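Visitor: I would like to learn how to read a model like this one. Where do we begin?

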Amino acid sequence: MTALPSPAVREKVKDYITAGRVRIVTATRDEVDALVLGSSPDPYLVAYNESQGWFCGCPARVTCSHLLAVALVWRPGLRDDAQAFLDLNLTTTEDGS
Ligand SMILES: [Zn+2]
């Protein structure tokens, strides 16, 4: 469905992370709440939990750079396949068994 992030998106994600624009509010192993300062003056709320999947408050209804940035800060091990991780969690429901 969704292709790998374009170079432009990767640059954006890298910028969010290196510029400290990702602020993790609360994080556990299974859930995260974060704020990402994007192009709007107000940061976007980005959240993930197992029952509802990923959420970002930005206007994009796709896997956006904010989700990717939070995923990478939250779980750095996902760096290589964050997109695959997000696609999985956006489109399927895993029971974790
Ligand atoms: Zn977003």
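Guide: We take confidence, then layout, then the helices, strands and core.

Visitor: What is the average pLDDT of the chain?

Guide: Start with confidence, since this is a predicted model. The chain averages a pLDDT of 81. At least 70 is the score of 72% of the residues.

Visitor: Where is confidence lowest, and where is it highest?

Guide: Look at each element's mean. Helix α3, residues 82-91, is lowest, with a mean of 59. Strand β2, residues 32-36, is highest, at 97. Check the tail too. Over residues 91-97 the pLDDT stays under 50. The model has one contact beyond four places in sequence for that stretch.

Visitor: Next, the layout. Which pattern does the chain follow along the sequence?

Guide: List the elements in order. The pattern is α-β-β-β-β-α-α. That comes to three helices and four strands. Then ask how far contacts reach. Take contacts between residues at least 6 apart in sequence: 39% of them join residues at least 24 apart. As for burial, 30% of the 97 residues count as buried.

Visitor: How do I check the geometry of helix α1? What should its twelve residues span?

Guide: Use the rise per residue. At 1.5 Å a residue, the twelve residues of α1 (7-18) should span 16 Å. The end C-alpha atoms are 16 Å apart, so the two values agree.

Visitor: Which residues of α1 are buried?

Guide: Lys12, Val13 and Tyr16. Seen down the axis of α1, the buried residues fall within an arc of 95°, so they line one face of the helix. The face turned away from that buried side carries the exposed residues Pro7, Glu11, Asp15 and Thr18.

Visitor: What do the buried residues of α1 pack against?

Guide: Three elements: β1 (22-27), β2 and α2 (65-74). Also look just past the end of α1. Glycine 20 takes a positive phi of about 70° there.

Visitor: Now the strands. In what sense do β1 and β2 pair, parallel or antiparallel?

Guide: Read the sense from the bridges. β1 and β2 are antiparallel, over five bridges. Threonine 26 stands opposite aspartate 33 in β2. The connection from β1 to β2 is a hairpin through four residues.

Visitor: And how many bridges pair β3 with β4?

Guide: Four, again in the antiparallel sense. Alanine 47 stands opposite phenylalanine 55 in β4. A hairpin through three residues joins β3 to β4.

Visitor: Why do I look for a nonpolar core?

Guide: In soluble globular proteins, nonpolar side chains tend to be buried together. Here the largest nonpolar core has 20 residues. Val22, Val36, Val46, Leu67, Ala69 and Val70 have the most contacts inside this core. α1, β2, β3 (44-49), β4 (53-56) and α2 each supply at least two of its residues. α2 gives the most, with eight.

Visitor: Take one core residue. What is valine 22 in contact with, beyond four places in sequence?

Guide: Tyr16, Ile17, Ala34, Val36, Ala69, Val70 and Val73.

Visitor: How many residues of α2 are buried?

Guide: Ten of the ten, so α2 is largely enclosed by the rest of the structure. The list is not purely nonpolar by name: Ser65 and His66 are among the buried residues. Others include Leu68, Leu72 and Trp74.

Visitor: Can we try a loop residue? Where is glycine 38, and is it buried or exposed?

Guide: Locate the residue, then count its neighbours. Glycine 38 sits in the loop between β2 and β3. With 22 C-beta neighbours inside 10 Å, glycine 38 counts as buried, because the cut-off is 20 or more. Beyond four places in sequence, glycine 38 is in contact with Tyr44, Cys58 and His66. The C-alpha atoms of glycine 38 and valine 22 are 9.2 Å apart, with their positions 16 residues apart along the chain.

Visitor: One more. Which residues does cysteine 56 touch, beyond four places in sequence?

Guide: Tyr44, Val46, Cys64, His66 and Leu67. Cysteine 56 lies in strand β4. It is buried, with 24 other C-beta atoms within 10 Å. The C-alpha atoms of cysteine 56 and tyrosine 44 are separated by 6.6 Å, though the residues are twelve apart along the chain.

Technical notes
Residues are numbered from 1 along each chain as its sequence is written. This is a predicted model: local features need pLDDT of at least 70, side-chain atom pairs count only at pLDDT 80 or more; totals for chains, interfaces and linings use all residues. pLDDT is the predictor's confidence in each residue, from 0 to 100. Two residues are in contact if their C-beta atoms, placed from the backbone, lie within 7 Å. The expected span of a helix is 1.5 Å times one less than its number of residues. A residue is buried if 20 or more other C-beta atoms lie within 10 Å of its own, exposed if 12 or fewer, and partly exposed in between; C-beta atoms are placed from the backbone. The arc is that of the directions from the helix axis to the C-beta atoms. Two strands pair if DSSP finds at least two bridges between them. A nonpolar core is a set of buried Ala, Val, Leu, Ile, Met, Phe, Trp, Tyr and Cys residues joined through C-beta atoms within 7 Å.
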